[in-house]
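Trainee: Could you take me closely through the charged side-chain pairs of this model, and set them against the rest of the fold? I would like the cut-offs behind each term as you go.

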Amino acid sequence: MFPASDQLSICFAHIAYRLHERFSALGTGIGSFAVRDPATLEKRVGEADVLVVSGLWQNTLLDRAGRLRFIQSIGAGTDQFPRDELKRRGVRLASARGVNARAVAEHAMALILALSRRLPEARDNQGKQVWRGMIGEAFDMHVIGLRRVPLSGRGAADAVHRMDELNALLPEADFVALTCPLTKETESLIDAQAFGQMRPSAHLVNVARGRILRRSSPAASGAAAAQFPLRGRSAVSRLNAAPRIGCASGFPRARDRPAPKRRDP
């Protein structure tokens, strides 16, 4: 059971988002505080009835969170949380599904443009004072979609197929964009066999969860990722070490990032 609102305490835990400031401005009268690093969260999680968190979450926090009754994931994914253990302790978990739909779609298009126009290569060439001709084509695309129920995607693409047709359709693609949720059916969806079906020149864009890609799969000739099945800098290093990697994007874990600089009042 939750305490009364005048005794309730919400912890907003994120390295960058200003959630606490936004919430305080609403004037609800509910107590709240913000933490921006793992060490402070570990010290103060015991004060919270509600925890709003994403990348700073660690399962070891549960043993320090005696008051915790509700976790609000800031992102759409909740696979980082131990659902069975939360249920055993009476802690409810909520997803922010859909909150980043537009941002993720725009990010996917940005990655596709960066790869098709070879922007990382152009950035490197600028420093070397090496110049090449411009590449013009980008948006003239034929879009093929895959859904569990193809009829539900009618009109959203030039053609919509069943999920079990993936490997048959991969040879047609110049870009493969992963936008699916992480489920038992989609985990390791892109494995060595799938990569083997792709054109040598194809690019892969993953704006879904990292485990959609099988950890042992070879990288395509160009890849971009918002999520990769490794953590922090190791993910970016693995991507950048693969042949002709176009772009690696996303937030590393908090411990891999420098602490934010304080601003003078």
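Mentor: The secondary structure of the chain comes to 8 helices and 10 strands, where helices (H or I, at least four residues) and strands (E, at least two) are DSSP runs numbered from the N terminus. This is a predicted model, in which local features need pLDDT of at least 70 and side-chain atom pairs count only at pLDDT 80 or more, while totals for chains, interfaces and linings use all residues. Residues are numbered from 1 along each chain as its sequence is written, and side-chain values use heavy atoms, with hydrogens and water left out.

For the chain as a whole, buried residues make up 35% of the 265 residues; buried means under 20% relative accessible area, exposed means over 50%, and partly exposed lies in between (1.4 Å probe, protein chains only). The chain exposes about 16900 Å², of which carbon and sulfur atoms supply 51%; such areas come from the Shrake-Rupley method with a 1.4 Å probe, and for residues only the protein chains shown count as cover. Of the contacts (heavy atoms within 4.5 Å) with a separation of 6 or more, 41% are between residues 24 or more positions apart.

Now to the charged pairs. Side chains of opposite charge can pair when their charged atoms come close. With a salt bridge taken as a side-chain nitrogen of Lys or Arg within 4 Å of a carboxyl oxygen of Asp or Glu, the count comes to 17.

One of these joins Arg211 and Asp79, with 3.2 Å from N to O. Arg211 lies in the loop between strand 9 (203-206) and strand 10 (222-225), and Asp79 in the loop between strand 4 (70-73) and helix 3 (83-89), so the pair ties together parts that are 132 residues apart in sequence. Arg211 counts as partly exposed because its relative accessibility is 36%, and Asp79 is likewise partly exposed, at 32%.

Within helix 3 itself, the side chains of Arg88 and Glu85 form a salt bridge at 2.7 Å, N to O, and these two residues are 3 apart in the helix, about one turn. Arg88 is exposed because its relative accessibility is 61%, whereas Glu85, with a relative accessible area of 24%, is partly exposed. The pair does not stand alone, since salt bridges that share partners join Asp63, Glu85, Arg88 and Arg89 into one network. A further pair is Arg44 and Glu47, whose side chains meet at 2.9 Å, N to O; Arg44 is partly exposed at 29% relative accessibility, and Glu47 is partly exposed at 32%.

A polar contact of another kind is found in helix 4 (residues 101-116), where Ser116 lies. The side chain of Ser116 reaches the backbone oxygen of Leu113 at 3.2 Å, which is inside the limit for a polar contact: a pair of N or O atoms within 3.5 Å, where within protein one must be able to donate a hydrogen and the other to accept it, and residues adjacent in sequence count only if both atoms are side-chain atoms. Ser116 counts as buried because its relative accessibility is 18%.

Set against these polar pairs is the nonpolar interior. In soluble globular proteins, nonpolar side chains tend to be buried together. A nonpolar core here is a set of buried Ala, Val, Leu, Ile, Met, Phe, Trp, Tyr and Cys residues joined through side-chain atoms within 4.5 Å. The largest one has 19 residues, of which Cys11, Ala13, Leu41, Leu51, Val53, Trp57 and Ile71 touch the most other members. Strand 1 (9-13), strand 2 (31-35) and strand 3 (50-53) each supply at least two residues of this core. Beyond its neighbours within four places in sequence, Cys11 is in contact with residues including Phe33, Leu41, Ala48 and Leu51. Apart from this core lies another, of 16 residues, among them Leu166, Leu170, Ala173 and Leu178.

Nonpolar side chains also appear at the surface, where Phe139, Met141 and Val143 make a patch of about 280 Å². Patches are made of residues with over 30% relative accessible area and no salt bridge, like charges being joined within 9 Å and nonpolar side chains (Val, Leu, Ile, Met, Phe, Trp, Tyr) within 5 Å. Val143 lies in the loop between helix 5 (119-128) and strand 6 (144-147), and Val143 counts as partly exposed because its relative accessibility is 36%.
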